[in-house]
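Subject: Structure handover

Hello,

Here is the structure I said I would pass on. Please have a look, then read my notes underneath.

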Amino acid sequence: MTVVPPDEAGLRRAADLLRADSVVAFPTETVYGLGAHAFSEKAVAEIYRLKNRPSWNPLIVHVAGVAEARKLAAEWPDVADDLAARFWPGPLTLVVRRAPHLTVAGAANDTIAIRVPAHEVALRLLEATGLPLAAPSANRSEGLSPTTAEHVVRGLPDVPLVLDGGPCRWGIESTVLDVAAGAPRLLRPGALSLRAIREVIGRVALPSEQVADGSARPSPGMSKRHYAPRARLVLADTIPERERTSGLVTLDDVEGAEVLGHDPAEYAADLYAALHRLDDRGVATIIVQRPPATEEWLAVHDRLNRAAAR
Ligand code: TXA
Ligand code: MG
């Protein structure tokens, strides 16, 4: 494992590894990704092996722009165009019907998840390789996503190279939206807010509605337990008397706690880093003060509920 700055030499090394069907961890504006040539069977297999990721969970493919995205799609609906024009590069992943000749990164289904990342290092890497890069978050399956190069090093020590681009701006994964058929459906809440998406395309079907009307074809990766620290994570409405063995994550100022504040974007930006810090302290339990039950906290609730699931 080598950590290098994302300068000319670092990018060249990374591009060489990727072209040789190896893997490289790189920063995006959401979390660090573990990248590989999306249509190299060998490289993609290495991602699954290093992450211990179940083979049924497909990968997001990162591309440099809309033109490259369209090449991977069998159909490119108008909503995809509208969303890409407004939000790419950025933390929105679109699920569309996959071009039939592409098989590897889309796993077994006939769709493909694509995004254009808004991070200079990621974009330069895509440009340097000229390859579509499959990149799940650079962590062991079900674990906490990395928002710094250091998190990658600790979580996946066998990755040959990490490009260190500093802390990720959003700190939470991209929003995944299925526009492959029918009305756009939210598969994973994330860094891009629903409000912003609705401003462009109007209605978005939420996962709960999809279950109710029977249209649910959930994102394969949304398992009940996910995004979990090593410590047991417990959500609480009020913070109990502090126990010595517990770590605390709060909205409000509480002595000794990781205080993440009341702004959902700022909270999300530091959430994984806070959980990593508490794990590093070796606490047995992490008690998290439950954020407000409003829609702007949707992505944070999603991650906390999965992290708390056993
Ligand atoms: O912000 C992000 O999206 C980060 C950075 C590195 O770009 N990547 C990321 O990848 O979070 P990953 O693999 O940890 O999460 C990908 C999610 C999973 O929930 C997966 O099931 C879903 O996207 N997904 C991938 N392909 C899909 C498809 N064809 N249909 C439905 N869901 C898909
Ligand atoms: Mg992940």
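The notes below cover the two domains and the contact between them.

First, a caution: this is a predicted model.

The domain assignment splits the protein chain into domain 1 (2–201) and domain 2 (232–308). Their centres, taken over C-alpha atoms, lie 27 Å apart. Domain 1 brings 20 residues to the contact, and domain 2 brings 15 residues.

How much area is buried between domain 1 and domain 2? The figure is about 1400 Å². Carbon and sulfur atoms give 61% of that area. On the domain 1 side, Leu144, Ile172 and Pro189 lose the most area to domain 2. Together they make up 41% of what that side buries.

Now the polar side of things. Three salt bridges are counted between domain 1 and domain 2. There is also a salt bridge to look up by residue: arginine 198 with glutamate 295. The closest N and O atoms of that pair are 3.0 Å apart. Polar contact between the domains comes to seven residue pairs, both residues at pLDDT 80 or more.

Which elements of domain 1 supply at least two residues each to the side that touches domain 2? They are helix H6 (149–155), strand S10 (185–188) and helix H7 (194–201). H7 gives the most, with three residues. By class, this side of domain 1 has eight nonpolar, six polar and six charged residues.

Best wishes

Note on methods
Residues numbered from 1 in each chain as written. Chains lettered and ligands numbered in written order. Predicted model: local features only at pLDDT ≥ 70, side-chain atom pairs only at ≥ 80, totals over all residues. Heavy atoms only, no water. Domains from an automatic or database assignment. Contact = heavy atoms within 4.5 Å. Buried area = accessible area lost by both parts, 1.4 Å probe. Salt bridge = Lys/Arg side-chain N within 4 Å of Asp/Glu carboxyl O. Polar contact = N/O pair within 3.5 Å; in protein donor to acceptor, adjacent residues only side chain to side chain. Helix = DSSP H or I, 4+ residues; strand = E, 2+ residues; numbered from the N terminus. Nonpolar A, V, L, I, M, F, W, Y, C, P; charged D, E, K, R; others polar.
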